[in-house]
Amino acid sequence: MDVGKKFTTASRSLSSSSLKDRLSKLSVTPLKPITIHSNIEFAPARIPRKRRMQMLAVAAWSVAIALATVLFLFLCSIPALWPFLAAYEIWITWIDQSPEHGGKTSQWFRELGFWKYFADYYPASFLKEAELPPDRPYVFGYHPHGIIGMGALATFATEATGFSAAFPGIKPHLLTLASNFRMPFYRDIILAMGVCSVSKKSCSNILKSGPGSAITIVVGGAAESLSAHPGTADLTLRKRLGFIKIAIQHGADLVPVFSFGENDIYEQMPNQPGTTIHTLQKKFQSVFGFTLPLFHGRGLLNYNIGLMPYRRQIVAVIGKPIHVEQCDKPAIQEVMRVQQMYIEELTRIWNAYKDQFAKARTRELSIIE
């Protein structure tokens with residue numbers, strides 16, 4: 001019993017002294033802050049108001065389809081509005097043919113200050129190489145497609161970059177998939193911007209509407225979006241003859257447009273031909289008519305994670321027009337001849353401006369198919 005008591009007392013006294021030593025050491029040892037390592041690059045808290053407005057404009061447009069859909073569904077939850085919404089659906093589905101007949105362009109809407117903020121975000125601009133007299137129709141071929149085609153929107157669907165001032169008398173119509181005009185409210189926005197369907201009927205109706213009428217076709221389409229990687233210029237063009245045939249049939253001058261920087265505003269996952277991702281994307285395209293590039297950009301509060309495009313300059317060089325002779329049924333040889341002239345002009349634009357606007361390129365212009 002005595003031994004046990006001594007052991008207990010000694011243990012307690014030892015523990016007490018040991019505790020004092022540890023506390024003394026703790027009091028004089030500086031605490032090291034815990035560092036959390038992260039790859040997210042956050043935006044600073046203080047950003048000029050103008051840049052914030054630019055960011056909000058691009059963010060709003062990036063989710064425009066989603067916002068329009070949410071708004072429509074919200075209105076559908078109000079029974080009192082059902083008759084109006086039903087009438088609207090009947091109108092856009094069976095009655096309104098404006099997407100196929102030149103749209104409903106609103107110059108006021110194209111000139112809104114919102115679009116100026118949108119274009120200045122990158123910034124997006126264009127370089128004019130030649131005058132385009134408004135005494136004939138035009139077919140603009142836009143390259144490359146990029147992930148979404150933000151430069152095409154800023155240049156041809158708004159007045160943010162000054163298209164109408166630079167080309168007086170030319171009435172531009174950016175063309176997109178007909179499926180976009182089945183989306184409630186969103187369709188009305190793009191119609192006011194002069195955007196129309198890319199169908200053959202739509203192209204013909206616009207071009208035959210009179211001198212100065214113009215369409216802009218993003219030639220590479222969904223297939224080319226899979227090749228949209230920063231620093232590259234891989235074009236899907238060799239098999240695209242439809243827009244050239246349309247130009248010949250209506251006697252419309254062909255105007256090649258190369259947009260430097262269009263491929264740089266998003267990062268895309270590696271999807272080289274032969275990979276599983278590329279195979280699935282092509283299969284999706286064959287079934288639905290469009291594809292889904294796996295891409296990312298920046299966010300509202302950070303610079304490297306999100307679905308907003310990066311702030312990278314976009315310059316659309318509008319080249320010299322290629323005059324064609326009108327022919328209702330052009331021979332394939334004539335179509336191929338004009339296509340070769342078109343490719344040569346597009347290549348000339350690339351070679352003339354690549355050292356100015358594509359300094360960070362990883363390879364040269366390539367027509368992949």
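The sheet in this predicted model is open and has seven strands, in the order β1-β10-β7-β2-β5-β3-β4 with mixed pairing. Strands here are DSSP runs of E with at least two residues, helices are runs of H or I with at least four residues, and both are numbered from the N terminus. Two strands count as paired if DSSP finds at least two bridges between them. The edges are taken by β1 (124–128) and β4, each of which pairs on one side only. Helix α14 packs on this sheet and touches β1, β2 (138–143), β7 (253–260) and β10 (314–318), where a contact means heavy atoms within 4.5 Å. The direction of α14 makes about 30° with that of β7; axes are lines fitted to C-alpha atoms, for helices over the stretch in contact, and angles run from 0 to 180 degrees between N-to-C directions.

On the β4 side of the sheet, the pairing can be followed residue by residue. Strands β3 (residues 171–176) and β5 (residues 213–218) run parallel and are joined by four bridges. Within that pair, Pro-172 sits opposite Ala-214 of β5, and His-173 has Ile-215 as its bridge partner. Strand β3 also pairs with β4 (residues 196–197), again in the parallel sense, over two bridges; here Leu-175 faces Cys-196 of β4.

Some words on numbering and confidence are useful at this point. Residues are numbered from 1 along each chain as its sequence is written. Local features need pLDDT of at least 70 and side-chain atom pairs count only at pLDDT 80 or more, whereas totals for chains, interfaces and linings use all residues, and side-chain values use heavy atoms, with hydrogens and water left out. The pLDDT is the predictor's confidence in each residue, from 0 to 100; its mean over the protein chain is 89, and 90% of the residues reach 70 or more. Residues 1–14 stay under 50, and the model gives them zero contacts beyond four places in sequence. Residues 23–37 are likewise below 50, with zero contacts beyond near neighbours in sequence. Where pLDDT is low, the predicted coordinates should not be read in detail.

Turning to the helices, two packed helices are described by the angle between their axes and the distance between the axes. The axes of α12 (residues 242–249) and α14 (residues 332–357) come within 10 Å and cross at roughly 110°. The two helices are therefore roughly perpendicular, given that angles under 35 degrees count as roughly parallel, over 145 as roughly antiparallel, 65 to 115 as roughly perpendicular and the rest as oblique. Phe-243, Ile-244 and Ile-248 of α12 meet Glu-334, Val-335, Val-338, Gln-339 and Tyr-342 of α14. That contact divides into six nonpolar residues, one polar and one charged. In this scheme Ala, Val, Leu, Ile, Met, Phe, Trp, Tyr, Cys and Pro are nonpolar, Asp, Glu, Lys and Arg are charged, and the others, Gly among them, are polar.

A second crossing involves α2 and α6 (residues 113–120), whose axes come within 8 Å at roughly 100°, which makes α2 roughly perpendicular to α6. From α2 the contact includes Arg-49, Lys-50, Met-53 and Trp-61, and from α6 it includes Phe-114, Trp-115 and Asp-120. Its residues divide into nine nonpolar, one polar and three charged.

UniProt places a "transmembrane region" at residues 56–82, in an unreviewed entry; positions are in the numbering used here, feature names are shortened, and annotations may be inferred rather than shown by experiment. In the model this span is 78% helix and 0% strand, and its end C-alpha atoms lie 32 Å apart.

Several loops also have features to note. Ala-43 is in the loop between α1 (2–28) and α2 (49–62). Its C-alpha atom is 6.4 Å from that of Tyr-303, although the two residues are 260 residues apart along the chain. Leaving out residues up to four places away in sequence, Ala-43 touches Leu-301, Asn-302 and Tyr-303. The Tyr-122 to Pro-123 peptide bond is cis, with omega near 0°, and Pro-123 falls in the loop between α6 and β1. The bond from His-143 to Pro-144 is cis too, with omega near -15°; Pro-144 belongs to the loop between β2 and α7 (150–156). Finally, Phe-185, in the loop between β3 and α9 (186–192), has a positive phi of about 70° although it is not a glycine.
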